[in-house]
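Hi there,

Here is the structure I promised to pass on to you. Have a look at it first, and then read on for my notes.

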Amino acid sequence: MTRFPKNFLWGGAVAANQLEGAWLEDGKKPNISDVVVGINTKTPGLKWNDNNKKWEMSLDEDKVYLSHEGIDFYHRYKEDLKLMKEMGFKCFRTSISWARIFPDGDEEKPNEAGLRFYDDLFDEIIKDGMEPLVTLSHYETPLHLMTEYGGWISDKMLGFYQNYVNAVFERYKNKVRYWLTFNEINNMYRRPTISAGILSVTPKNKENPLEVSKEELWTAYCHILVANAWTVKKGHEINPDFKIGCMMASSSVATYPYDCNPENIMGAYQLQRTANFYFADPMCLGIIPGYVRKMWKDDGFDYSFSKEDLKLIKDNTVDYFALSYYRSGTYSIDVENAFDTGGIKGKKNPYLKEESPKPWSWPIDPVGLRYTCNVLSDRYHLPLFIVENGIGLDESLNENDTVEDSFREKYIREHVRQLKLAIDDGCEIMGYLYWGPLDIVSAGTGEMKKRYGFVYVDRYNDGSGSLARNKKKSFYWYKKLIESNGKDL
Ligand code: BGP
């Protein structure tokens with residue numbers, strides 16, 4: 001069996017909004033993740049002000065916004081990175097919190113204190129022997145850009161985004177080589193506000209800030225595609241060594257037809273398109289596919305890109321395809337095939353024996369990762385990078401101040417085995433980053449209780465906890481896995 005390539009990037013991934021905390025420190029202002037308790041929320045902390053006809057921040061006093069303090073990575077990153085180094089990480093993925101660099105988003109000049117923080121952070125990552133992989137936008141659109149302009153619905157947004165990207169590309173061009181544009185941008189269709197920075201400034205429903213029209217949604221989609229292509233072009237101009245990838249939530253690729261009913265086969269295929277490929281095709285192939293134009297027609301959306309924009313999209317496809325994979329799902333015409341953060345929820349797959357513990361109950365399907373890699377590799381012929389895979393468990397420290405998390409080891413072992421098979425199949429895989437190597441705030445539900453880490457962090461859903469770090473059993477196991485370049489499973 002093939003071995004993992006010598007320069008395979010083992011490591012872990014996090015996002016600024018889920019661990020940094022310091023939400024209003026050193027000039028930072030709120031971003032969209034700061035006003036929600038998880039992206040699954042139905043009640044964001046935004047209220048319509050009828051006097052100035054704008055949405056404004058209105059946090060719910062009864063809720064604990066754990067992300068505001070996160071796990072205090074902002075102040076503790078040095079000690080945290082030492083732990084990653086101890087495990088032998090080759091790569092550490094995090095995001096830049098846009099509102100640290102441009103607090104409101106529409107300033108002309110960046111915030112020096114914010115730039116300095118990431119200078120220090122990236123220096124430390126490099127010093128600890130890791131390659132930084134940086135996401136430019138991970139559910140972190142500055143709130144002001146949304147309440148004032150409507151976020152990506154506005155055609156002014158590209159300019160604000162360009163200022164931000166220019167500033168960080170120029171500043172970190174000699175430190176960071178691997179970049180990602182928009183995290184899980186394909187989640188736009190189901191969670192436009194938080195995933196994709198879209199807020200209606202002329203809302204039909206003033207009670208619900210999450211409601212956006214199809215017209216607004218698709219307008220934002222077109223703007224984001226232009227922004228993505230521009231980023232690839234600009235990045236390559238600034239440093240030809242940059243590797244710039246797209247990032248898709250790709251559990252949706254492993255949406256299996258529930259059975260061989262042709263309607264289910266067709267439905268599952270359509271779902272892959274409308275949940276994933278509708279973003280990946282333009283970003284990887286430089287085309288606006290026919291089925292997207294059909295969706296536009298069905299939604300009454302009429303748009304034509306300028307010739308220049310179409311050319312930009314065509315000429316500036318990404319260097320690699322980064323993906324998250326957590327679970328698979330099934331598609332069947334006779335049930336509602338709903339989404340959660342991890343993927344599609346349809347009928348239970350009778351062939352899968354295990355799932356993550358309640359209440360999350362994500363089916364565990366390692367073969368789904370091999371399948372996903374093969375589908376994406378065949379469709380795009382690009383190197384793939386697994387930048388998220390992992391399992392959230394409800395855990396607590398035992399009398400020895402550790403956690404016996406063999407279940408996590410088993411989850412990784414089986415997924416890494418399938419990844420090896422995908423390499424055997426001919427897929428080019430750049431690396432494997434475990435999601436949430438330290439316990440951090442959950443993206444979906446905004447809680448601490450759902451723990452992914454190799455390192456236990458003493459913080460709880462009610463906001464209590466000393467923030468102390470303790471190594472779990474899997475810490476040592478993952479270290480061995482990396483040391484042996486994937487042999488010691
Ligand atoms: C992805 C996000 C991450 C993340 C992960 C796990 O959707 O890119 O930010 O947290 O899923 O999801 P959750 O935290 O909801 O378990």
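Let me start with D298, which is exposed, with a relative accessible area of 52%. Please keep in mind that this is a predicted model. D298 forms a salt bridge with K294, and the closest N and O atoms of the two are 2.9 Å apart. Both residues sit in helix α10 (residues 290-298), four residues apart, which puts about one helical turn between them. That spacing suits a pairing along one face: an α-helix has 3.6 residues a turn, so residues three or four places apart point the same way.

Salt bridges also form a network here: E112, R116, D119, D123, R171 and K175 are joined into one through shared partners. In total, the structure holds 35 salt bridges.

Two further pairs link separate parts of the chain. In one of them, the side chains of K82 and D128 meet with 3.0 Å from N to O. K82 belongs to helix α2 (residues 73-86), while D128 is in the loop between α4 (112-127) and β5 (131-137), so this salt bridge ties together parts that are 46 residues apart in sequence. How exposed or buried are the two partners? K82 is partly exposed, at a relative accessible area of 40%, whereas D128 is buried, at 5%.

The other pair is R379 and D281, whose side chains form a salt bridge at 2.8 Å, N to O. Here two helices are involved: R379 comes from α12 (residues 366-380) and D281 from α9 (residues 262-285), so the pair ties together parts that are 98 residues apart in sequence. R379 counts as partly exposed, at 25% relative accessibility, and D281 counts as buried, at 2%.

Helix α9 deserves a look of its own. What would a straight helix of 24 residues span? At 1.5 Å a residue the answer is 34 Å, yet α9 spans only 28 Å between its end C-alpha atoms. There is also a kink of about 65 degrees in α9, and the kink is centred on F277.

Both ends of α9 have something to show as well. At its start, a side-chain oxygen of N261 comes to within 2.9 Å of the backbone nitrogen of E263. After the helix comes G286, which has a positive phi, near 75 degrees.

If you open the model, I would begin with α9, taking in the kink centred on F277 and the salt bridge between D281 and R379.

Happy browsing, and best wishes

Definitions and conventions
Residues are numbered from 1 along each chain as its sequence is written. This is a predicted model: local features need pLDDT of at least 70, side-chain atom pairs count only at pLDDT 80 or more; totals for chains, interfaces and linings use all residues. Side-chain values use heavy atoms; hydrogens and water are left out. A salt bridge is a side-chain nitrogen of Lys or Arg within 4 Å of a carboxyl oxygen of Asp or Glu. Buried means under 20% relative accessible area, exposed over 50%, partly exposed in between (1.4 Å probe, protein chains only). The expected span of a helix is 1.5 Å times one less than its number of residues. The bend at a residue is the angle between axes fitted to the seven residues ending there and the seven starting there. A polar contact is a pair of N or O atoms within 3.5 Å; within protein, one must be able to donate a hydrogen and the other to accept it, and residues adjacent in sequence count only if both atoms are side-chain atoms.
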